[in-house]
There are 2 protein chains.
Amino acid sequence: MKRVKLTVAYDGTNYSGWQIQPNAVTIEGVLNKHLTELLQEPVKVIGASRTDAGVHALGNVAVFDTQARMPAEKISFALNTRLPQDIRVQDSREVPANFHPRFCNTVKTYEYRILNRAFADPTQRLYSLFYYYPLDVEKMKKALACLEGEHDFKSFCTQRGEDEHTVRTIYRTQIEKEDDMIRIRICGNGFLYNMVRIIVGTLLRVGSGFYEPEYMEKLLAARDRRLAGETAPPQGLTLIKIVYE
Amino acid sequence: MKRVKLTVAYDGTNYSGWQIQPNAVTIEGVLNKHLTELLQEPVKVIGASRTDAGVHALGNVAVFDTQARMPAEKISFALNTRLPQDIRVQDSREVPANFHPRFCNTVKTYEYRILNRAFADPTQRLYSLFYYYPLDVEKMKKALACLEGEHDFKSFCTQRGEDEHTVRTIYRTQIEKEDDMIRIRICGNGFLYNMVRIIVGTLLRVGSGFYEPEYMEKLLAARDRRLAGETAPPQGLTLIKIVYE
């Protein structure tokens with residue numbers, strides 16, 4: 001028996017997110033199906049990040065246990081010949097049997113892309129949010145920087161359960177604009193449900209002049225989801241990488 | 001009666017190219033349909049560049065004549081509310097009645113993108129060629145530069161008719177590599193059928209070491225399509241812009 005870690009890239013456009021569900025096509029479901037066929041034994045992966053419907057990934061992580069004799073490094077190549085073109089394993093390797101992709105110290109990096117111009121670009125529509133109104137990127141940078149460090153992000157979370165632990169640490173943030181494309185990078189030890197998309201929705205309000213950057217401090221203190229911006233649409237979001245320490 | 005010029009961007013993935021055809025969905029066909037409905041009179045556009053199935057554009061050009069009273073500059077906005085998301089008009093303006101998008105002096109810029117790495121990136125698959133084997137970009141640059149200037153490009157053309165005039169001028173070429181993405185830009189006064197894709201197919205042979213860069217000179221002189229590389233696949237190609245002089 002060995003434990004294998006996969007680094008998985010996918011275009012989330014045509015999937016109902018990562019997590020397996022009845023009557024829906026999900027990344028987890030497709031991986032389980034093709035790994036089970038490839039290795040000829042029942043395989044169930046455990047994902048690091050259960051991305052939402054329409055969200056993309058360049059480096060999500062999944063592990064599974066197998067008794068198959070195929071060397072761990074070969075599994076990526078063999079699996080890619082079976083997977084649909086919108087999922088591609090980037091790396092496969094053996095890890096210790098106690099490695100769990102969610103219960104480890106990790107640094108996750110997400111990127112959100114906003115195309116800010118007068119007319120949409122059809123070739124960017126699946127991987128960015130098209131935003132017509134002018135955005136003040138300097139104000140957005142200032143607002144985003146307020147979130148760096150350890151904070152209670154309850155205002156930036158769609159609540160699912162009771163008493164959820166909502167303190168997280170954001171290590172670094174970055175906003176770059178090249179031509180009309182704004183790229184927002186957020187790097188942290190973990191993210192609450194919809195957290196990046198709610199942060200982006202709030203930054204859109206700051207960039208449009210509805211909120212001042214300093215409002216972010218009040219938002220953190222308020223611990224009230226209703227005071228933050230809308231949840232930005234999923235197609236702008238990509239899970240870039242997960243680093244295990 | 002006025003003549004209106006449209007600048008059109010599209011994702012070519014789901015279209016059988018620009019040119020109208022029976023029983024196929026084309027960019028020209030979709031534009032005609034929605035312009036006819038919008039302006040409530042029969043409209044037929046004339047395109048500058050009849051891109052192939054699967055090829056994208058950020059700035060193709062089309063003109064049409066209309067008796068409608070809607071100001072030319074408003075047509076882009078009105079039309080975009082009707083068009084599918086993978087076609088977006090970027091600009092509409094009135095032009096002189098004798099302006100023809102193909103019989104003018106123009107500078108056209110095409111870009112071809114090649115993702116050169118070990119594993120495909122699903123989020124780039126619709127807008128680039130994934131190429132596994134290492135490519136020598138310096139050799140490709142040297143080879144491509146041989147094509148600058150006025151030449152007979154018969155070797156780089158899929159022949160359609162007899163006695164086609166095959167002399168064209170390439171003004172500038174450029175190859176840039178950023179991370180794993182190679183972007184090839186070619187700027188010229190006109191391009192023969194499949195010309196950019198055959199040039200790219202030939203550059204792939206140079207980059208892989210099958211041809212030396214100097215072979216391009218011989219290829220030009222030979223005027224023989226069979227000596228050039230394969231026609232590179234369409235999804236890597238984007239018509240960036242057309243400038244009228």
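Domain bounds here come from an automatic or database domain assignment. The model is predicted.

**Stop 1: the two domains of chain A**

Select residues 2-95 of chain A, then residues 106-244. The former range is domain 1 and the latter is domain 2. Put a centroid on the C-alpha atoms of each domain: the two centres are separated by 27 Å.

Now select where these domains meet. Domain 1 of chain A brings 14 residues into contact with 11 residues of domain 2 of chain A. Colour the domain 1 side by residue class. That side has six nonpolar residues, seven polar and one charged.

**Stop 2: helix 1 of chain A**

Stay in chain A and select residues 27-39. This is helix 1, with 13 residues. From its first C-alpha to its last, helix 1 reaches 18 Å, close to the 18 Å expected at 1.5 Å a residue.

Which residues of helix 1 of chain A are buried? Show A:Ile27, A:Glu28, A:Leu31, A:His34 and A:Leu35 as sticks; these are the buried ones. They lie on the same side of helix 1 of chain A because they cover an arc of only 140 degrees around the axis. The general rule is simple: an α-helix has 3.6 residues a turn, so residues three or four places apart point the same way.

What covers these buried residues of helix 1 of chain A? Select the elements of chain A in turn. The cover includes strand 1 (2-10), strand 2 (46-47) and strand 3 (56-66). Helix 2 (72-80) and strand 4 (87-95) of chain A are also among the covering elements.

Step just past the end of helix 1 of chain A and pick A:Gln40. Its phi is positive, about 55 degrees.

**Stop 3: chain B against chain A**

Show both chains. Superpose chain B on chain A: the rotation is 180 degrees, with 0.0 Å of shift along its axis and an RMSD of 0.0 Å. That is the relation of a two-fold axis. Both copies use the same surface, and 100% of the contact residues of chain B recur in chain A.

**Stop 4: the contact between the chains**

Select the residues in contact. Chain B gives 18 residues and chain A gives 18 residues. On the side of chain B that touches chain A, strand 1 (2-10), strand 3 (56-66) and strand 4 (87-95) of chain B each supply at least two residues. Strand 4 of chain B has the largest share of that side, three residues.

Finish by colouring this side of chain B by residue class. Its residues divide into eight nonpolar, five polar and five charged.

Terms used
Residues numbered from 1 in each chain as written. Chains lettered and ligands numbered in written order. Predicted model: local features only at pLDDT ≥ 70, side-chain atom pairs only at ≥ 80, totals over all residues. Helix = DSSP H or I, 4+ residues; strand = E, 2+ residues; numbered from the N terminus. Expected span 1.5 Å × (residues − 1). Buried ≥ 20, exposed ≤ 12 C-beta atoms within 10 Å, placed from the backbone. Arc of directions from axis to C-beta. Contact = placed C-beta atoms within 7 Å. Least-squares fit on C-alpha atoms with pLDDT ≥ 70 in both. Nonpolar A, V, L, I, M, F, W, Y, C, P; charged D, E, K, R; others polar.
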